[in-house]
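I set out to look up two things in this entry: how the nonpolar cores are built and what lines the pockets. My notes follow the order in which I looked.

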Amino acid sequence: MKKRPNVIFILTDDQGYAPLGCHGHPLVKTPALDQLYAESSRFTQFHVGPTCAPTRAGLLTGHHANSTGVWHTIGGRSLLRKDEWTLPQALRDSGYITSLFGKWHLGDEYPYRPHDRGFDYALYHGGGGVGQTPDYWGNDYFDDTYFVNGKPVRFTGYCTDVFFSQAWKFIEENQEKPFFCFISANAPHEPLNVEPEYRDLYSGLTGNDNYARFLGMITNIDDNVAKLRKRLKESGLEENTVLIFMSDNGQAKLDLDDSSWHNAGMRGYKGSPYDGGHRVPFFIHWPKGEIPENYDIDQVTSYVDFMPTILELCSVKIPPERSFHGESLVDLLREKDDQRWNERCVVTDSQRLPYPVKWRNSCVMKNSWRLVNHDELYNITNDPSQEENIAEAHPGLVREMRKAYEGWWEIVLLQYDEDIPFYIGGDKKSIKLTSHDLRNDKCDVAWNQKFIRQGKICRGYWEIFVETNGAYEFELRRWPNETEHLLTSGIDGDDVEFRRDAVVPYEVERYTGGTALPVKMAFLRIGGNDVLEKSIDAADSGVKFKVDLQSGPARLEACFSDHGKLLLSAYYVIIRKLV
(Lines give C-alpha, C1' and ligand atoms only; values in the text may rest on other atoms or scores of the structure.)
Protein backbone atom coordinates (compact mmCIF):
# COMPACT_ATOMS: atom_id res chain seq x y z
CA MET A 1 0.00 0.00 0.00
CA LYS A 2 1.33 3.43 -0.95
CA LYS A 3 2.26 5.41 2.15
CA ARG A 4 0.46 8.70 2.46
CA PRO A 5 2.67 11.76 2.68
CA ASN A 6 3.95 13.29 5.85
CA VAL A 7 3.14 16.97 6.34
CA ILE A 8 5.36 19.59 8.00
CA PHE A 9 3.75 22.99 8.23
CA ILE A 10 5.97 25.92 9.28
CA LEU A 11 4.08 29.08 10.22
CA THR A 12 5.91 32.22 11.35
CA ASP A 13 4.37 34.98 13.43
CA ASP A 14 4.16 38.58 12.16
CA GLN A 15 6.79 38.06 9.46
CA GLY A 16 4.52 38.78 6.51
CA TYR A 17 5.39 38.62 2.83
CA ALA A 18 8.26 41.06 2.36
CA PRO A 19 11.19 40.09 4.66
CA LEU A 20 12.60 37.25 2.58
CA GLY A 21 15.55 37.42 0.22
CA CYS A 22 13.50 35.68 -2.48
CA HIS A 23 10.91 38.45 -2.22
CA GLY A 24 13.46 41.17 -2.78
CA HIS A 25 14.28 42.28 0.75
CA PRO A 26 17.57 44.20 0.52
CA LEU A 27 18.98 43.11 3.90
CA VAL A 28 17.56 39.94 5.37
CA LYS A 29 19.61 36.74 5.06
CA THR A 30 17.29 33.78 4.34
CA PRO A 31 19.27 31.33 2.16
CA ALA A 32 17.35 28.22 3.29
CA LEU A 33 13.94 29.78 2.67
CA ASP A 34 15.17 31.20 -0.63
CA GLN A 35 16.17 27.69 -1.66
CA LEU A 36 12.80 26.33 -0.55
CA TYR A 37 11.15 29.06 -2.64
CA ALA A 38 13.13 27.98 -5.71
CA GLU A 39 12.14 24.33 -5.20
CA SER A 40 8.45 24.94 -4.48
CA SER A 41 5.15 25.89 -5.96
CA ARG A 42 4.33 29.38 -4.68
CA PHE A 43 0.89 30.88 -4.18
CA THR A 44 1.76 34.50 -4.94
CA GLN A 45 -1.65 35.89 -3.95
CA PHE A 46 -2.42 33.93 -0.80
CA HIS A 47 -4.41 35.91 1.76
CA VAL A 48 -5.10 35.32 5.45
CA GLY A 49 -6.51 37.28 8.38
CA PRO A 50 -4.66 40.52 9.16
CA THR A 51 -3.95 39.22 12.70
CA CYS A 52 -2.74 35.94 14.11
CA ALA A 53 -5.51 34.07 15.94
CA PRO A 54 -8.09 34.59 13.16
CA THR A 55 -5.62 33.26 10.60
CA ARG A 56 -4.99 30.14 12.66
CA ALA A 57 -8.72 29.56 13.02
CA GLY A 58 -9.22 29.73 9.26
CA LEU A 59 -6.19 27.59 8.41
CA LEU A 60 -7.17 24.81 10.80
CA THR A 61 -10.92 24.66 10.05
CA GLY A 62 -11.41 25.77 6.43
CA HIS A 63 -14.00 28.23 7.78
CA HIS A 64 -14.02 32.00 7.80
CA ALA A 65 -12.42 33.00 11.10
CA ASN A 66 -15.31 35.15 12.30
CA SER A 67 -17.70 32.22 11.96
CA THR A 68 -15.51 30.13 14.29
CA GLY A 69 -15.71 32.69 17.11
CA VAL A 70 -12.19 34.02 16.48
CA TRP A 71 -12.11 37.66 15.42
CA HIS A 72 -9.70 39.10 18.00
CA THR A 73 -6.54 37.97 19.76
CA ILE A 74 -7.66 38.66 23.37
CA GLY A 75 -10.83 39.23 25.41
CA GLY A 76 -12.21 35.72 24.93
CA ARG A 77 -12.41 36.26 21.18
CA SER A 78 -9.55 33.92 20.29
CA LEU A 79 -11.35 30.78 21.48
CA LEU A 80 -12.10 28.34 18.66
CA ARG A 81 -15.67 27.10 18.99
CA LYS A 82 -15.92 23.65 20.54
CA ASP A 83 -17.90 22.18 17.63
CA GLU A 84 -15.37 23.14 14.93
CA TRP A 85 -13.75 20.20 13.12
CA THR A 86 -10.03 20.85 12.88
CA LEU A 87 -7.29 19.76 10.51
CA PRO A 88 -5.42 17.76 13.18
CA GLN A 89 -8.67 16.01 14.16
CA ALA A 90 -9.34 15.05 10.56
CA LEU A 91 -5.80 13.79 10.02
CA ARG A 92 -5.63 11.91 13.32
CA ASP A 93 -8.96 10.22 12.66
CA SER A 94 -7.63 9.03 9.29
CA GLY A 95 -4.50 7.45 10.77
CA TYR A 96 -1.98 10.28 11.09
CA ILE A 97 -0.07 11.07 14.25
CA THR A 98 -0.29 14.79 14.90
CA SER A 99 1.84 17.32 16.73
CA LEU A 100 2.18 21.06 17.44
CA PHE A 101 5.30 22.97 18.48
CA GLY A 102 5.08 26.65 19.45
CA LYS A 103 2.16 29.01 19.17
CA TRP A 104 -1.46 27.85 19.40
CA HIS A 105 -3.50 30.97 20.35
CA LEU A 106 -6.94 29.39 20.04
CA GLY A 107 -7.57 28.76 23.74
CA ASP A 108 -5.50 27.85 26.80
CA GLU A 109 -8.02 25.87 28.84
CA TYR A 110 -10.40 22.99 28.23
CA PRO A 111 -11.95 22.43 25.73
CA TYR A 112 -9.85 24.75 23.57
CA ARG A 113 -6.28 23.56 24.15
CA PRO A 114 -4.41 22.02 21.20
CA HIS A 115 -4.49 18.51 22.66
CA ASP A 116 -8.27 18.90 23.01
CA ARG A 117 -8.51 19.71 19.29
CA GLY A 118 -6.75 16.83 17.60
CA PHE A 119 -3.05 17.02 18.43
CA ASP A 120 -1.59 13.83 19.88
CA TYR A 121 1.41 15.78 21.14
CA ALA A 122 1.37 19.53 21.77
CA LEU A 123 4.29 21.59 23.05
CA TYR A 124 3.12 25.19 23.25
CA HIS A 125 3.34 28.50 25.04
CA GLY A 126 0.27 30.22 26.46
CA GLY A 127 -1.70 33.08 24.91
CA GLY A 128 -0.71 34.81 21.71
CA GLY A 129 2.98 35.13 22.52
CA VAL A 130 5.68 34.07 24.92
CA GLY A 131 5.23 36.12 28.10
CA GLN A 132 1.53 36.80 27.71
CA THR A 133 -0.76 36.30 30.69
CA PRO A 134 -1.68 32.61 30.11
CA ASP A 135 1.98 31.72 29.55
CA TYR A 136 4.21 30.33 32.28
CA TRP A 137 5.38 33.15 34.54
CA GLY A 138 8.64 34.81 33.54
CA ASN A 139 9.17 33.22 30.11
CA ASP A 140 11.54 35.44 28.09
CA TYR A 141 12.26 33.25 24.98
CA PHE A 142 15.28 31.60 26.65
CA ASP A 143 15.27 28.37 28.72
CA ASP A 144 11.53 28.70 29.15
CA THR A 145 8.79 26.52 30.57
CA TYR A 146 6.23 25.47 27.98
CA PHE A 147 3.17 23.26 28.22
CA VAL A 148 3.31 19.68 26.97
CA ASN A 149 -0.25 18.43 26.63
CA GLY A 150 -1.13 20.89 29.39
CA LYS A 151 1.71 20.07 31.79
CA PRO A 152 4.54 22.60 32.41
CA VAL A 153 7.98 21.39 31.28
CA ARG A 154 11.17 23.44 31.18
CA PHE A 155 13.35 23.37 28.05
CA THR A 156 16.85 24.64 27.41
CA GLY A 157 17.51 27.02 24.55
CA TYR A 158 15.97 29.81 22.48
CA CYS A 159 12.26 29.40 21.76
CA THR A 160 12.53 28.92 17.98
CA ASP A 161 15.43 26.49 18.39
CA VAL A 162 13.43 24.50 20.96
CA PHE A 163 10.34 24.27 18.78
CA PHE A 164 12.30 23.04 15.75
CA SER A 165 14.54 20.64 17.69
CA GLN A 166 11.62 19.12 19.58
CA ALA A 167 9.70 18.82 16.32
CA TRP A 168 12.57 16.84 14.84
CA LYS A 169 12.67 14.61 17.91
CA PHE A 170 8.96 13.91 17.38
CA ILE A 171 9.53 13.17 13.67
CA GLU A 172 12.38 10.74 14.41
CA GLU A 173 10.25 8.87 16.92
CA ASN A 174 7.14 8.67 14.73
CA GLN A 175 8.36 8.29 11.17
CA GLU A 176 6.91 4.79 10.74
CA LYS A 177 3.42 6.32 10.53
CA PRO A 178 2.33 9.26 8.40
CA PHE A 179 2.70 12.36 10.56
CA PHE A 180 1.46 15.93 10.65
CA CYS A 181 3.95 18.25 12.33
CA PHE A 182 2.90 21.87 12.83
CA ILE A 183 5.88 24.11 13.72
CA SER A 184 4.24 27.36 14.74
CA ALA A 185 7.01 29.80 15.62
CA ASN A 186 6.20 32.78 17.82
CA ALA A 187 9.03 34.67 16.10
CA PRO A 188 9.44 37.35 14.91
CA HIS A 189 6.52 38.51 17.11
CA GLU A 190 7.28 41.09 19.78
CA PRO A 191 8.93 41.30 22.25
CA LEU A 192 11.95 41.18 19.95
CA ASN A 193 14.17 39.12 22.23
CA VAL A 194 16.92 37.38 20.30
CA GLU A 195 20.50 36.20 20.74
CA PRO A 196 22.85 39.19 20.26
CA GLU A 197 24.71 37.36 17.48
CA TYR A 198 21.55 37.46 15.32
CA ARG A 199 20.76 41.07 16.18
CA ASP A 200 24.34 42.07 15.38
CA LEU A 201 24.02 40.72 11.83
CA TYR A 202 21.88 43.78 11.07
CA SER A 203 22.74 46.39 13.70
CA GLY A 204 25.13 48.24 11.40
CA LEU A 205 22.80 48.01 8.42
CA THR A 206 19.43 49.20 9.69
CA GLY A 207 20.20 51.99 12.13
CA ASN A 208 17.29 50.71 14.22
CA ASP A 209 17.62 48.18 17.03
CA ASN A 210 14.07 46.85 16.66
CA TYR A 211 14.51 46.25 12.94
CA ALA A 212 17.85 44.53 13.52
CA ARG A 213 16.23 42.25 16.07
CA PHE A 214 13.24 41.54 13.83
CA LEU A 215 15.46 40.54 10.91
CA GLY A 216 17.75 38.58 13.22
CA MET A 217 14.79 36.52 14.44
CA ILE A 218 13.92 35.71 10.82
CA THR A 219 17.48 34.59 10.08
CA ASN A 220 17.33 32.36 13.15
CA ILE A 221 14.16 30.79 11.72
CA ASP A 222 15.98 30.33 8.42
CA ASP A 223 18.88 28.55 10.15
CA ASN A 224 16.38 26.16 11.72
CA VAL A 225 14.72 25.51 8.37
CA ALA A 226 18.15 24.65 6.95
CA LYS A 227 18.78 22.11 9.74
CA LEU A 228 15.34 20.60 9.31
CA ARG A 229 15.72 20.15 5.56
CA LYS A 230 19.17 18.61 5.98
CA ARG A 231 17.80 16.10 8.48
CA LEU A 232 14.84 15.27 6.25
CA LYS A 233 17.18 14.53 3.37
CA GLU A 234 19.63 12.47 5.43
CA SER A 235 16.81 10.42 6.96
CA GLY A 236 15.20 9.64 3.62
CA LEU A 237 11.97 11.41 4.60
CA GLU A 238 12.22 14.36 2.23
CA GLU A 239 10.78 12.70 -0.88
CA ASN A 240 7.42 11.87 0.70
CA THR A 241 7.04 14.88 2.96
CA VAL A 242 4.87 17.85 2.08
CA LEU A 243 6.83 20.83 3.42
CA ILE A 244 4.94 24.11 3.68
CA PHE A 245 6.14 27.55 4.70
CA MET A 246 3.81 30.42 5.47
CA SER A 247 3.41 33.49 7.70
CA ASP A 248 0.27 34.26 9.67
CA ASN A 249 -0.40 37.89 8.68
CA GLY A 250 1.24 41.00 7.30
CA GLN A 251 4.55 41.99 8.83
CA ALA A 252 4.55 43.86 12.11
CA LYS A 253 5.12 47.59 11.75
CA LEU A 254 7.13 48.07 14.97
CA ASP A 255 8.20 51.73 15.31
CA LEU A 256 9.74 52.45 11.92
CA ASP A 257 8.65 55.12 9.48
CA ASP A 258 7.58 53.96 6.03
CA SER A 259 10.79 55.12 4.37
CA SER A 260 12.82 52.69 6.50
CA TRP A 261 10.62 49.68 6.00
CA HIS A 262 10.73 47.34 3.01
CA ASN A 263 7.21 46.07 2.31
CA ALA A 264 7.53 44.69 -1.25
CA GLY A 265 5.72 47.73 -2.61
CA MET A 266 2.51 46.96 -0.72
CA ARG A 267 0.37 49.28 1.37
CA GLY A 268 -0.38 48.34 4.97
CA TYR A 269 1.05 46.15 7.71
CA LYS A 270 -0.33 43.74 10.29
CA GLY A 271 -3.98 44.57 11.03
CA SER A 272 -4.51 46.50 7.80
CA PRO A 273 -7.22 45.73 5.19
CA TYR A 274 -4.74 46.61 2.43
CA ASP A 275 -2.64 43.85 0.87
CA GLY A 276 0.32 44.42 3.18
CA GLY A 277 -1.88 43.37 6.09
CA HIS A 278 -2.98 39.97 4.79
CA ARG A 279 -0.90 38.81 1.82
CA VAL A 280 1.63 36.20 2.94
CA PRO A 281 4.11 33.71 1.46
CA PHE A 282 2.88 30.19 0.83
CA PHE A 283 5.55 27.77 -0.44
CA ILE A 284 4.73 24.08 -0.86
CA HIS A 285 7.31 21.40 -1.68
CA TRP A 286 6.69 17.67 -2.20
CA PRO A 287 9.22 15.89 -4.44
CA LYS A 288 7.20 12.70 -4.72
CA GLY A 289 3.88 14.40 -5.13
CA GLU A 290 4.01 15.83 -8.66
CA ILE A 291 4.03 19.38 -7.34
CA PRO A 292 6.09 21.47 -9.76
CA GLU A 293 9.19 23.31 -8.57
CA ASN A 294 9.88 26.99 -9.18
CA TYR A 295 6.24 27.50 -10.15
CA ASP A 296 4.06 30.53 -9.41
CA ILE A 297 0.31 30.27 -8.91
CA ASP A 298 -1.11 33.76 -9.27
CA GLN A 299 -4.82 33.24 -8.58
CA VAL A 300 -6.26 34.77 -5.41
CA THR A 301 -6.35 32.05 -2.76
CA SER A 302 -7.22 32.11 0.91
CA TYR A 303 -6.53 30.60 4.29
CA VAL A 304 -9.91 28.81 4.17
CA ASP A 305 -8.55 26.81 1.21
CA PHE A 306 -5.71 25.35 3.29
CA MET A 307 -7.48 22.55 5.18
CA PRO A 308 -9.33 21.10 2.18
CA THR A 309 -6.07 21.22 0.21
CA ILE A 310 -4.10 19.29 2.82
CA LEU A 311 -6.85 16.72 3.25
CA GLU A 312 -6.93 16.06 -0.50
CA LEU A 313 -3.15 15.74 -0.69
CA CYS A 314 -3.33 13.25 2.20
CA SER A 315 -6.24 11.28 0.66
CA VAL A 316 -8.54 12.00 3.61
CA LYS A 317 -12.22 11.54 2.86
CA ILE A 318 -14.49 14.37 3.96
CA PRO A 319 -17.47 13.12 5.99
CA PRO A 320 -20.80 14.16 4.44
CA GLU A 321 -21.69 16.26 7.48
CA ARG A 322 -18.55 18.40 7.09
CA SER A 323 -18.02 21.27 4.68
CA PHE A 324 -15.65 24.19 4.09
CA HIS A 325 -15.93 27.82 3.15
CA GLY A 326 -12.83 27.34 1.01
CA GLU A 327 -11.92 24.76 -1.61
CA SER A 328 -8.98 22.53 -2.39
CA LEU A 329 -6.14 24.10 -4.36
CA VAL A 330 -4.83 20.78 -5.65
CA ASP A 331 -5.99 21.44 -9.22
CA LEU A 332 -3.91 24.62 -9.23
CA LEU A 333 -0.93 22.67 -7.93
CA ARG A 334 -1.43 20.16 -10.74
CA GLU A 335 -1.29 23.06 -13.19
CA LYS A 336 -4.97 22.79 -14.11
CA ASP A 337 -5.94 26.40 -14.75
CA ASP A 338 -9.65 27.14 -14.45
CA GLN A 339 -11.44 30.41 -15.12
CA ARG A 340 -13.56 29.99 -11.99
CA TRP A 341 -10.57 30.93 -9.83
CA ASN A 342 -10.48 34.34 -11.52
CA GLU A 343 -14.19 34.88 -10.94
CA ARG A 344 -14.57 34.02 -7.27
CA CYS A 345 -14.44 36.64 -4.52
CA VAL A 346 -12.48 36.19 -1.30
CA VAL A 347 -13.09 38.25 1.86
CA THR A 348 -10.93 39.04 4.85
CA ASP A 349 -11.27 41.56 7.67
CA SER A 350 -9.81 42.66 11.01
CA GLN A 351 -12.28 43.33 13.80
CA ARG A 352 -10.45 43.41 17.16
CA LEU A 353 -13.71 44.30 18.93
CA PRO A 354 -16.01 42.46 21.35
CA TYR A 355 -18.52 42.05 18.51
CA PRO A 356 -17.86 42.49 14.78
CA VAL A 357 -18.97 45.57 12.87
CA LYS A 358 -20.03 45.29 9.25
CA TRP A 359 -17.42 46.44 6.71
CA ARG A 360 -14.86 47.19 9.43
CA ASN A 361 -11.27 46.91 8.12
CA SER A 362 -12.49 44.68 5.32
CA CYS A 363 -11.19 43.65 1.92
CA VAL A 364 -13.03 41.86 -0.89
CA MET A 365 -10.67 40.37 -3.48
CA LYS A 366 -11.41 39.28 -7.02
CA ASN A 367 -8.52 38.56 -9.34
CA SER A 368 -6.48 41.80 -9.31
CA TRP A 369 -9.28 43.87 -7.77
CA ARG A 370 -9.51 44.95 -4.11
CA LEU A 371 -12.60 46.53 -2.55
CA VAL A 372 -11.46 47.99 0.77
CA ASN A 373 -13.83 49.23 3.49
CA HIS A 374 -16.89 49.31 1.19
CA ASP A 375 -15.90 52.41 -0.80
CA GLU A 376 -12.30 52.01 -2.02
CA LEU A 377 -11.49 50.07 -5.18
CA TYR A 378 -7.97 49.29 -6.38
CA ASN A 379 -6.41 47.27 -9.17
CA ILE A 380 -3.15 45.88 -7.83
CA THR A 381 -1.85 44.99 -11.29
CA ASN A 382 -1.65 48.67 -12.19
CA ASP A 383 -1.46 50.03 -8.63
CA PRO A 384 0.23 47.52 -6.27
CA SER A 385 0.64 50.12 -3.53
CA GLN A 386 -3.12 50.83 -3.60
CA GLU A 387 -2.84 54.60 -3.91
CA GLU A 388 -5.55 55.40 -6.48
CA ASN A 389 -9.18 54.73 -5.53
CA ILE A 390 -10.99 54.01 -8.82
CA ALA A 391 -14.39 53.03 -7.37
CA GLU A 392 -16.27 55.76 -9.25
CA ALA A 393 -14.98 54.46 -12.59
CA HIS A 394 -16.25 50.89 -11.97
CA PRO A 395 -19.69 51.07 -10.32
CA GLY A 396 -20.79 47.67 -11.62
CA LEU A 397 -17.75 45.91 -10.22
CA VAL A 398 -18.17 47.68 -6.89
CA ARG A 399 -21.79 46.46 -6.70
CA GLU A 400 -20.72 42.91 -7.53
CA MET A 401 -18.00 42.86 -4.86
CA ARG A 402 -20.31 44.42 -2.27
CA LYS A 403 -22.82 41.67 -3.00
CA ALA A 404 -20.11 39.08 -2.42
CA TYR A 405 -19.33 40.68 0.93
CA GLU A 406 -23.02 40.60 1.88
CA GLY A 407 -23.07 36.85 1.23
CA TRP A 408 -19.95 36.37 3.31
CA TRP A 409 -21.38 38.50 6.13
CA GLU A 410 -24.52 36.36 6.29
CA ILE A 411 -22.34 33.28 6.78
CA VAL A 412 -20.10 34.70 9.51
CA LEU A 413 -22.94 36.50 11.32
CA LEU A 414 -24.82 33.34 12.25
CA GLN A 415 -23.15 32.67 15.62
CA TYR A 416 -21.80 36.06 16.71
CA ASP A 417 -24.01 36.28 19.78
CA GLU A 418 -23.49 32.72 21.03
CA ASP A 419 -21.34 32.13 24.12
CA ILE A 420 -17.99 30.36 23.82
CA PRO A 421 -17.66 29.19 27.43
CA PHE A 422 -14.98 27.47 29.42
CA TYR A 423 -16.25 24.11 30.68
CA ILE A 424 -15.88 23.22 34.33
CA GLY A 425 -16.60 19.94 36.08
CA GLY A 426 -16.90 16.83 33.96
CA ASP A 427 -13.67 14.86 33.93
CA LYS A 428 -11.52 18.01 34.19
CA LYS A 429 -10.78 18.51 37.87
CA SER A 430 -9.43 22.04 37.57
CA ILE A 431 -8.90 24.86 35.09
CA LYS A 432 -7.22 28.26 35.29
CA LEU A 433 -8.88 31.30 33.74
CA THR A 434 -6.84 34.44 33.11
CA SER A 435 -7.54 38.06 32.32
CA HIS A 436 -6.25 37.45 28.77
CA ASP A 437 -9.73 36.01 28.10
CA LEU A 438 -11.72 38.40 30.28
CA ARG A 439 -14.76 39.78 28.45
CA ASN A 440 -15.84 43.40 28.58
CA ASP A 441 -17.25 46.01 26.20
CA LYS A 442 -13.83 47.22 24.98
CA CYS A 443 -11.64 44.10 25.04
CA ASP A 444 -9.49 46.14 27.45
CA VAL A 445 -7.78 43.41 29.45
CA ALA A 446 -4.46 42.57 31.10
CA TRP A 447 -3.31 40.29 28.29
CA ASN A 448 0.41 40.10 29.04
CA GLN A 449 2.49 39.68 32.16
CA LYS A 450 3.75 43.26 32.04
CA PHE A 451 0.20 44.40 32.81
CA ILE A 452 -0.01 41.97 35.71
CA ARG A 453 3.16 43.46 37.17
CA GLN A 454 1.85 46.99 36.63
CA GLY A 455 -1.48 46.21 38.27
CA LYS A 456 -3.55 47.22 35.24
CA ILE A 457 -7.14 48.01 36.17
CA CYS A 458 -9.68 46.09 34.12
CA ARG A 459 -12.98 44.43 34.86
CA GLY A 460 -15.18 41.95 33.09
CA TYR A 461 -16.48 38.40 33.20
CA TRP A 462 -15.82 34.92 31.89
CA GLU A 463 -18.36 32.69 30.18
CA ILE A 464 -18.47 29.26 31.81
CA PHE A 465 -20.51 26.11 31.40
CA VAL A 466 -20.97 23.89 34.46
CA GLU A 467 -20.96 20.29 33.21
CA THR A 468 -21.99 18.57 36.45
CA ASN A 469 -23.89 19.60 39.55
CA GLY A 470 -21.82 19.83 42.69
CA ALA A 471 -19.40 21.73 44.86
CA TYR A 472 -16.70 23.87 43.28
CA GLU A 473 -13.83 25.91 44.66
CA PHE A 474 -12.91 29.25 43.07
CA GLU A 475 -9.51 30.67 43.97
CA LEU A 476 -8.99 34.34 43.04
CA ARG A 477 -5.37 35.43 42.54
CA ARG A 478 -3.40 38.48 41.51
CA TRP A 479 -0.20 36.51 40.83
CA PRO A 480 -0.15 33.08 39.10
CA ASN A 481 -0.01 29.93 41.19
CA GLU A 482 3.50 29.03 39.98
CA THR A 483 4.79 31.97 42.06
CA GLU A 484 4.87 32.43 45.83
CA HIS A 485 3.88 36.11 45.76
CA LEU A 486 1.22 37.25 48.18
CA LEU A 487 -1.96 38.76 46.82
CA THR A 488 -1.44 42.29 48.15
CA SER A 489 2.35 42.38 47.80
CA GLY A 490 4.45 43.99 45.12
CA ILE A 491 7.72 42.68 43.73
CA ASP A 492 10.97 44.47 44.49
CA GLY A 493 13.54 43.68 41.82
CA ASP A 494 13.90 40.43 39.91
CA ASP A 495 11.75 37.41 40.73
CA VAL A 496 12.63 35.38 37.63
CA GLU A 497 15.78 34.66 35.65
CA PHE A 498 15.93 36.44 32.31
CA ARG A 499 18.48 37.27 29.64
CA ARG A 500 19.20 40.99 30.06
CA ASP A 501 21.72 40.87 27.22
CA ALA A 502 19.10 39.57 24.79
CA VAL A 503 15.89 41.22 26.00
CA VAL A 504 14.77 44.44 24.32
CA PRO A 505 15.82 47.20 26.76
CA TYR A 506 12.38 48.78 27.04
CA GLU A 507 10.82 45.35 27.65
CA VAL A 508 12.80 44.59 30.81
CA GLU A 509 9.72 45.58 32.83
CA ARG A 510 8.08 42.36 31.63
CA TYR A 511 10.45 40.35 33.83
CA THR A 512 11.09 42.35 36.98
CA GLY A 513 9.27 44.30 39.67
CA GLY A 514 5.59 44.63 40.41
CA THR A 515 3.22 47.21 41.88
CA ALA A 516 1.45 46.35 45.13
CA LEU A 517 -2.35 46.56 45.02
CA PRO A 518 -4.01 47.76 48.23
CA VAL A 519 -7.03 45.48 47.91
CA LYS A 520 -9.04 44.53 51.00
CA MET A 521 -11.98 42.46 49.75
CA ALA A 522 -12.64 39.68 47.24
CA PHE A 523 -15.99 39.22 45.53
CA LEU A 524 -17.44 36.31 43.54
CA ARG A 525 -20.65 36.13 41.57
CA ILE A 526 -21.77 33.29 39.32
CA GLY A 527 -24.81 33.78 37.11
CA GLY A 528 -27.81 35.02 39.06
CA ASN A 529 -26.46 33.82 42.41
CA ASP A 530 -25.82 36.18 45.29
CA VAL A 531 -22.52 38.04 45.49
CA LEU A 532 -20.09 36.32 47.85
CA GLU A 533 -17.39 38.31 49.61
CA LYS A 534 -14.39 37.73 51.83
CA SER A 535 -11.80 39.90 53.49
CA ILE A 536 -8.24 39.61 52.23
CA ASP A 537 -5.54 38.82 54.76
CA ALA A 538 -2.00 40.12 54.23
CA ALA A 539 -0.73 36.49 54.24
CA ASP A 540 -3.08 35.38 51.45
CA SER A 541 -1.72 34.35 48.07
CA GLY A 542 -5.30 33.77 46.92
CA VAL A 543 -8.85 33.91 48.22
CA LYS A 544 -10.97 30.76 47.99
CA PHE A 545 -14.74 30.44 47.74
CA LYS A 546 -16.72 27.20 47.91
CA VAL A 547 -19.89 27.24 45.82
CA ASP A 548 -22.57 24.66 45.01
CA LEU A 549 -23.51 24.92 41.34
CA GLN A 550 -26.14 23.46 39.05
CA SER A 551 -25.20 22.39 35.54
CA GLY A 552 -25.64 24.89 32.74
CA PRO A 553 -24.22 28.17 31.39
CA ALA A 554 -23.29 31.12 33.60
CA ARG A 555 -21.22 34.27 33.78
CA LEU A 556 -18.40 34.37 36.28
CA GLU A 557 -17.35 37.63 37.92
CA ALA A 558 -14.36 37.56 40.29
CA CYS A 559 -13.13 40.90 41.64
CA PHE A 560 -10.95 42.66 44.19
CA SER A 561 -11.77 45.95 45.92
CA ASP A 562 -10.40 48.27 48.58
CA HIS A 563 -13.87 48.98 49.96
CA GLY A 564 -15.16 50.65 46.82
CA LYS A 565 -12.28 52.90 45.76
CA LEU A 566 -10.62 50.28 43.56
CA LEU A 567 -12.33 47.48 41.69
CA LEU A 568 -10.65 45.11 39.26
CA SER A 569 -11.12 41.55 38.11
CA ALA A 570 -8.80 38.88 39.40
CA TYR A 571 -6.03 38.23 36.91
CA TYR A 572 -6.19 34.49 37.59
CA VAL A 573 -9.07 32.30 38.75
CA ILE A 574 -8.43 28.64 39.48
CA ILE A 575 -11.59 26.53 39.47
CA ARG A 576 -11.57 23.09 41.08
CA LYS A 577 -14.30 20.47 41.15
CA LEU A 578 -14.59 19.18 44.72
CA VAL A 579 -15.32 15.53 45.39
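The entries below cover the cores and then the pockets.

Entry 1, the model. I note at the outset that this is a predicted model.

Entry 2, the largest nonpolar core. I found 55 residues in this core, and the members that touch the most others are Ile-8, Ile-10, Ile-171 and Leu-228. I then looked up which element gives the most to it: helix H6, residues 209-235, with 10 residues.

Entry 3, Ile-171. I set aside the neighbours within four places in sequence and listed what remains in contact with Ile-171: Ile-8, Phe-179, Cys-181, Leu-228 and Leu-237. Ile-8 and Leu-228 are thus partners of Ile-171, and they also stand with Ile-171 among the members that touch the most others.

Entry 4, the largest pocket. I recorded a space of about 630 Å³. Its lining has 25 residues, and Glu-109, Phe-147, Gly-150, Ile-431 and Lys-432 lie nearest the centre. Which strands each supply at least two residues of this lining? I listed S7 (151-154), S19 (430-434) and S29 (572-577). The largest share, four residues, comes from S19. By class I noted 11 charged, nine nonpolar and five polar residues in the lining.

Entry 5, the second largest pocket. I recorded a volume of about 420 Å³. Of its 23 lining residues, Gln-132, His-189, Glu-190, Lys-270 and Trp-447 are the closest to the centre. I noted eight nonpolar, eight charged and seven polar residues in this lining.

Terms used
Residues are numbered from 1 along each chain as its sequence is written. This is a predicted model: local features need pLDDT of at least 70, side-chain atom pairs count only at pLDDT 80 or more; totals for chains, interfaces and linings use all residues. Side-chain values use heavy atoms; hydrogens and water are left out. A nonpolar core is a set of buried Ala, Val, Leu, Ile, Met, Phe, Trp, Tyr and Cys residues joined through side-chain atoms within 4.5 Å. Buried means under 20% relative accessible area, exposed over 50%, partly exposed in between (1.4 Å probe, protein chains only). Contact means heavy atoms within 4.5 Å. On a 1 Å grid over the protein atoms alone, a cavity is a set of points where a 1.4 Å probe fits but cannot get out, and a pocket is an open set with protein on both sides within 12 Å along at least five of seven lines; lining residues have an atom within 4 Å of a point. Grid points are joined across faces, edges and corners, and a volume is the space filled by probe spheres set on the points. Ala, Val, Leu, Ile, Met, Phe, Trp, Tyr, Cys and Pro count as nonpolar, Asp, Glu, Lys and Arg as charged, and the others, Gly among them, as polar.
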